[in-house]
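I opened the file to go through confidence, then the nonpolar core, then one charged side chain, and I note below what I looked up in each case.

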Amino acid sequence: MRRRDLLQSGLLLPLASMASPSFAADKIKRDKRPVALLLPLSGPRAALGLSMRQAALLADSGPEMIAYDTGGTAAGATLAARNALKAKAAMILGPITAEEAIAVAAQTAGRVPVIAFSNNAVARAPGTFIFGITPAQVTSAILRYARSRGVRNVVVIDDATPWSAAAALAAGRIQGEIGVDVRVLQVTPGQPLPPSGDAPDAVLLPGSGEAVLAAARNLKSTGIQLLGTVQALDHRPAALEVLDGAWIASPDPAAFGKFAGEYRARHGGDPGALAALAYDAGGIVKVLRDKGALSAAGLLAETSYPCVTGSARFRTDGSVSREMAILVASGEGYKPVAVSQGA
């Protein structure tokens, strides 16, 4: 049958009639509303604020990302949030500290979502999400991985630092959920460890520094597995030798290295962990912009945001779950062996 006959018979329709007339109307419109970045651009932490601003713009550059100076104080953060709301910001990224975040939450009162860079759960509020890497996230991740490897009882060393105390509390909360028996030993810096009773399968030292290295030396010949959090990462050759075989929950070093390389190529210098958080927050904004969904509902709808600091999911209570890499230490460095879900 010739083309003319096909057209006349209706078997071959013109392309114009085959196209959906609603295609243009259904196309998602990019959300161009401003997003506020609340950072200390003056004062003693101005250099940190500048690096975080540069990192956020690396992920979502454009005139819609507007930085406001908090000066690193709660009063400054309140004023910055007030100005952001006046400018019709659809979302706020920052501030850094818990005190600032609490002040911003009081100012916004849930009218716009706030992704705060603090890791202190006390700053959590309706519409204010704690985006910093928390002790609960890394503790959950390392204990879940340890349980998958047959660990059934763990001693957690609480050296009275805020990080260790929060990690010990988190371990106690999830022990029933994951089927691990947790005992907490509270220790005084400089004093020997108290007896732990029956030997555990593993010892978790949430903190960092000489306390971790001393424990690693003591555990070397016992067969007890050493567990650590991101705080324990130590790249000195002598430390790597001591930590050989330890399991540590941390953001993936390779993902951070890729971000750091991109940052250095654009701005020079080495970004820190808080700059990585700002970069990730900027990436989340870009995802929501492209979907036309810069809102709390849009933020909560996504099940996983790919992030340098670990793929994240936001919860209605203001908490964030984050996937952590599980690293095994050796004399050559830290090798990722698994991914584990953090609380």
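I began with the part of this predicted model where confidence is lowest on my list: over residues 1–25 pLDDT stays under 50, and for that stretch I found 7 contacts beyond four places in sequence. For the protein as a whole I noted an average pLDDT of 89, with 90% of the residues scoring at least 70.

Next I looked up the largest nonpolar core, which has 36 residues, and I wrote down Leu93, Phe117, Phe131, Phe259, Ile284 and Phe314 as those with the most contacts inside it. I then listed the elements that give two or more residues to this core, namely strand 1 (35–39), helix 4 (46–59), strand 3 (91–93), helix 11 (253–267), helix 12 (273–290) and strand 11 (312–314). The largest share, 9 residues, comes from helix 12.

I followed Phe314 further and, leaving aside neighbours within four places in sequence, found Phe314 in contact with Ile115, Phe129, Phe131, Ile284, Leu299, Leu300, Tyr305, Ser319 and Val320.

My last entry concerns Glu100, which lies in helix 6 (residues 98–108). Which side chain of opposite charge is nearest to Glu100, and how far away is it? I found Arg45 at 5.5 Å, and Glu100, although buried, has no salt bridge; the cut-off for a salt bridge is 4 Å. I did find a polar contact of 2.8 Å between the side chains of Glu100 and Thr97. Not counting residues up to four places away in sequence, Glu100 touches Thr70, Gly72, Thr73, Ala74, Ala77 and Pro95.

How values were computed:
Residues are numbered from 1 along each chain as its sequence is written. This is a predicted model: local features need pLDDT of at least 70, side-chain atom pairs count only at pLDDT 80 or more; totals for chains, interfaces and linings use all residues. Side-chain values use heavy atoms; hydrogens and water are left out. Helices (H or I, at least four residues) and strands (E, at least two) are DSSP runs, numbered from the N terminus. Buried means under 20% relative accessible area, exposed over 50%, partly exposed in between (1.4 Å probe, protein chains only). Lys and Arg count as positive and Asp and Glu as negative; His and the chain ends are not counted. A polar contact is a pair of N or O atoms within 3.5 Å; within protein, one must be able to donate a hydrogen and the other to accept it, and residues adjacent in sequence count only if both atoms are side-chain atoms. Contact means heavy atoms within 4.5 Å. pLDDT is the predictor's confidence in each residue, from 0 to 100. A nonpolar core is a set of buried Ala, Val, Leu, Ile, Met, Phe, Trp, Tyr and Cys residues joined through side-chain atoms within 4.5 Å.
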